Amino acid sequence: MIEFVLDASGLLAVFNGEAGAERVIELLPVSTISAVNLAEVVAKLQERGMPDDRIRATIESLELKVDPFDDMLAIETGLLRAATRAAGLSIGDRACLALAKQHDVPALTADRAWQKIDFDVRVELVR
């Protein structure tokens, strides 16, 4: 059962050993992540110099539930632009919110800017 949708910032907290990592690890079994957010995490790990084979192995070891980014989510993500523009949310951030709305569960993030948005999805900070 899915209880949370994980933002890239939450998963990156795990990889970077940041505050909130323990909470994310604890919630992984009941969380899902958008394929868009997973791509964002992979890109960040590669930018930081992690070898591709290690990225793949590490991601696979987490046994993440990954939701595909389909046309319905693409439309919902795009429609969130106006509501999130002032807070500076990225397309990945909006994809996470759209997926959380679809699952009717909270979005889990490390990004405090999400507290500034007025949207009908509960946002929980990992730290």
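How many salt bridges does a search of the whole structure find? The search turns up three, a salt bridge being a side-chain nitrogen of Lys or Arg within 4 Å of a carboxyl oxygen of Asp or Glu. Before getting to them, a word on the model itself. This is a predicted model, in which local features need pLDDT of at least 70 and side-chain atom pairs count only at pLDDT 80 or more, while totals for chains, interfaces and linings use all residues. Residues are numbered from 1 along each chain as its sequence is written, and side-chain values use heavy atoms, with hydrogens and water left out.

The overall fold comes first. The protein has seven helices and five strands, where helices (H or I, at least four residues) and strands (E, at least two) are DSSP runs numbered from the N terminus. Going along the sequence, these elements follow the pattern β-α-α-β-α-α-β-α-α-α-β-β. The C-alpha trace spans about 35 × 30 × 30 Å along its principal axes. The radius of gyration is 14 Å, which agrees with the value near 14 Å for a compact globule of 127 residues; the radius is taken over C-alpha atoms, and the globule rule is 2.2 Å times the number of residues to the power 0.38.

As for packing, 45% of the 127 residues count as buried. Here buried means under 20% relative accessible area, exposed means over 50%, and partly exposed is what lies in between (1.4 Å probe, protein chains only). Contacts (heavy atoms within 4.5 Å) have a good share of long-range pairs: among those between residues at least 6 apart in sequence, 65% join residues at least 24 apart. The accessible surface comes to about 6800 Å², with 52% of it belonging to carbon and sulfur atoms; such areas come from the Shrake-Rupley method with a 1.4 Å probe, and for residues only the protein chains shown count as cover.

Now for the charges. The protein carries 14 positive and 21 negative charges, and their mean positions are 6 Å apart. In this tally Lys and Arg count as positive and Asp and Glu as negative, with His and the chain ends not counted; each charge is placed at NZ of Lys, CZ of Arg, CG of Asp or CD of Glu.

Back to the salt bridges. Glu 18 pairs with Arg 127, their closest N and O atoms being 3.1 Å apart. This pair links distant parts of the chain, 109 residues apart: Glu 18 sits in the loop between α1 (8–16) and α2 (21–27), and Arg 127 in the segment after β5 (123–125). Both ends are partly exposed, Glu 18 with a relative accessible area of 30% and Arg 127 at 40%.

The remaining bridges share a residue, Glu 124. Arg 23 forms a salt bridge with Glu 124, with 2.7 Å between the closest N and O atoms. Arg 23 belongs to helix α2 and Glu 124 to strand β5, so the pair ties together parts that are 101 residues apart in sequence. Glu 124 also bridges to Arg 122, the closest N and O atoms here being 2.3 Å apart. Arg 23, Arg 122 and Glu 124 are thus linked in a network of salt bridges. Its members differ in accessibility: Glu 124 is buried at 16%, Arg 23 is partly exposed at 28%, and Arg 122 is exposed at 53%.

Ala 13, in helix α1, connects with the first of these pairs. Ala 13 is buried, with a relative accessible area of 0%. Leaving aside neighbours within four places in sequence, Ala 13 is in contact with Glu 18, Ala 19, Ala 21 and Arg 127. By comparison, Ala 13 and Leu 28 are 15 residues apart in sequence and 13 Å apart in space, C-alpha to C-alpha.

Helix α3 (residues 35–47) holds Glu 40, which is partly exposed at 28% relative accessibility. Not counting residues up to four places away in sequence, Glu 40 touches Ala 8, Ser 90 and Gly 92. The C-alpha atoms of Glu 40 and Ala 8 are separated by 6.5 Å, although the two are 32 residues apart along the chain.

Lastly, the backbone. Most residues other than glycine have a negative phi. Glu 63, not a glycine, nonetheless has a positive phi of about 50 degrees. Glu 63 is found in the loop between α4 (52–61) and β3 (65–67) and is exposed at 69% relative accessibility. Asp 104, likewise not a glycine, has a positive phi of about 60 degrees. The loop between α7 (91–103) and β4 (107–109) contains Asp 104, which is exposed at 71%.
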